[in-house]
Amino acid sequence: MIPLWEKDVSLFDPQNGFVPYLEPYILENGKQNSCIIVFPGGGYTHRASHEAQPVAKWLNSIGISAFVLHYRVSPYKHPVPLFDAKRAVRLVRYNAKKWNINPKKIGVLGFSAGGHLASTVGTLFDQGDKKSNDPVERVSCRPDCMILCYPVISMAEFTHDGSKKALLGDSPDPVLVWTLSSQNMVTERTPPTFLWHTSDDSSVRVENSLLFAMALKKHNVPFELHIFPHGRHGLGLAKDTPHIEVWTKLCEKWLESIGFIEKAP
């Protein structure tokens with residue numbers, strides 16, 4: 001367990017008591033590895049275990065170091081989860097040499113509400129505060145790629161009501177709703193993105209991925225999108241769903257294409 005803050009946790013609520021942390025799955029192969037930080041889903045009310053450790057172990061199996069981010073959820077509201085996500089990217093980048101990680105190959109992978117969190121750090125990133133007394137805060141939190149699995153993207157039309165309420169409350173500011181609808185914040189600086197969804201997802205509508213893909217296209221950001229015809233929400237690695245389980249192979253090939261995995265000789 002690696003706490004995001006050694007002391008003075010940002011926006012900490014003593015009544016809640018949860019301290020956000022990274023669960024490391026660092027490869028020890030003598031190489032400078034790519035790394036992906038995993039954000040499990042859970043509607044911003046919990047963190048789904050099947051979208052955590054198994055995913056990190058899959059990433060290890062294809063030659064990528066990984067971390068699972070145990071970020072704060074309800075009763076915490078925005079901007080707390082985003083603070084945690086940004087801090088996680090900064091912390092991994094700051095410690096890249098110590099952990100044998102390439103600081104230019106740090107990605108994020110999120111499922112459902114965790115996909116929304118990944119998309120927000122990928123669209124609302126900053127280059128760090130060069131005047132901060134905390135050296136970690138001086139580091140960029142821009143991820144170098146995003147993997148979004150049946151993500152919540154919009155906080156307006158097509159949103160997932162449970163995630164929206166848990167993150168923003170009952171009567172959110174319309175400006176915040178706009179800003180946290182990640183398709184609105186895509187620019188040419190948004191990282192390359194891999195997305196997948198099922199067309200009949202009854203919890204998080206497929207339009208979320210479609211909206212984000214269209215925004216990426218508009219801003220000439222490279223992306224790969226896979227829409228599977230059938231499948232329930234929350235499949236994770238989809239080990240019990242053969243026609244969707246292939247997403248991991250497709251993603252592996254995509255990671256190879258963007259240089260996150262060394263191509264086999």
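**Burial, helix packing and aromatic pairing in the predicted model**

M155 is found in the loop that runs between strand β6 and helix α4. In this structure, which is a predicted model, M155 has a relative accessible area of 0% and is therefore buried, the cut-off for burial being under 20%. When neighbours within four places in sequence are set aside, the contacts of M155 are with H116, K164, L168, V177, L180 and S181. For one of these residues, L180, the C-alpha atom lies 6.3 Å from that of M155, although the two positions are 25 residues apart in sequence.

Helix α4, which spans residues 161–168, contains S163. With a relative accessible area of 0%, S163 is likewise buried, and beyond its neighbours within four places in sequence it is in contact with G43, Y44, A113 and V152. Among these partners, A113 is one of the buried residues of helix α3.

Helix α3 covers residues 113–123, and because eleven of its eleven residues are buried, the helix is largely enclosed by the rest of the structure. The buried set comprises A113, G114, G115, H116, L117, A118, S119, T120, V121, G122 and T123. The elements that cover these residues include strands β3 (33–39), β5 (101–111) and β6 (145–149), together with helices α2 (80–94), α4 and α6 (207–218). H116, which belongs to the buried set of α3, is also among the contacts of M155.

A contrasting environment is found at K7, which is placed in the loop between β1 (2–3) and β2 (21–25). The relative accessibility of K7 is 64%, so this residue counts as exposed, for which the cut-off is over 50%. Between K7 and M146, which are 139 residues apart in sequence, the C-alpha to C-alpha distance is 29 Å.

Aromatic side chains form ten pairs in the structure. In the pair of F194 and W254, the ring centres are 5.7 Å apart and the planes meet at 50 degrees, so the arrangement is classed as tilted. Because F194 lies in strand β7 (residues 193–198) and W254 in helix α8 (residues 247–257), this pair ties together parts that are 60 residues apart in sequence. Both partners are buried, F194 at 0% relative accessibility and W254 at 5%. In addition, W58, F111, Y150, W196, F228 and W247 form one aromatic cluster.

At the level of the whole chain, the secondary structure consists of eight helices and eight strands. The radius of gyration is 17 Å, close to the 18 Å that the globule rule gives for 265 residues, and the chain is therefore as compact as a globular protein of that length. Along the principal axes, the C-alpha atoms occupy a box of roughly 55 × 45 × 35 Å. Of the 265 residues, 55% count as buried, and of the contacts with a separation of 6 or more, 76% are made by residues 24 or more positions apart. The protein chain exposes about 11,800 Å², of which carbon and sulfur atoms supply 53%. Its charged side chains number 29 positive and 26 negative, and the centres of the two sets lie 6 Å apart.

Methods. Residues numbered from 1 in each chain as written. Predicted model: local features only at pLDDT ≥ 70, side-chain atom pairs only at ≥ 80, totals over all residues. Heavy atoms only, no water. Helix = DSSP H or I, 4+ residues; strand = E, 2+ residues; numbered from the N terminus. Rg over C-alpha atoms; globule rule 2.2 N^0.38 Å. Buried < 20%, exposed > 50% of the residue type's maximum accessible area, 1.4 Å probe, protein only. Contact = heavy atoms within 4.5 Å. Areas by Shrake-Rupley, 256 points an atom, 1.4 Å probe, with all protein chains shown as cover. Lys, Arg positive; Asp, Glu negative; His and termini not counted. Charge placed at Lys NZ, Arg CZ, Asp CG, Glu CD. Phe/Tyr/Trp six-rings, centres within 6.5 Å; stacked < 30°, edge-to-face > 60°.
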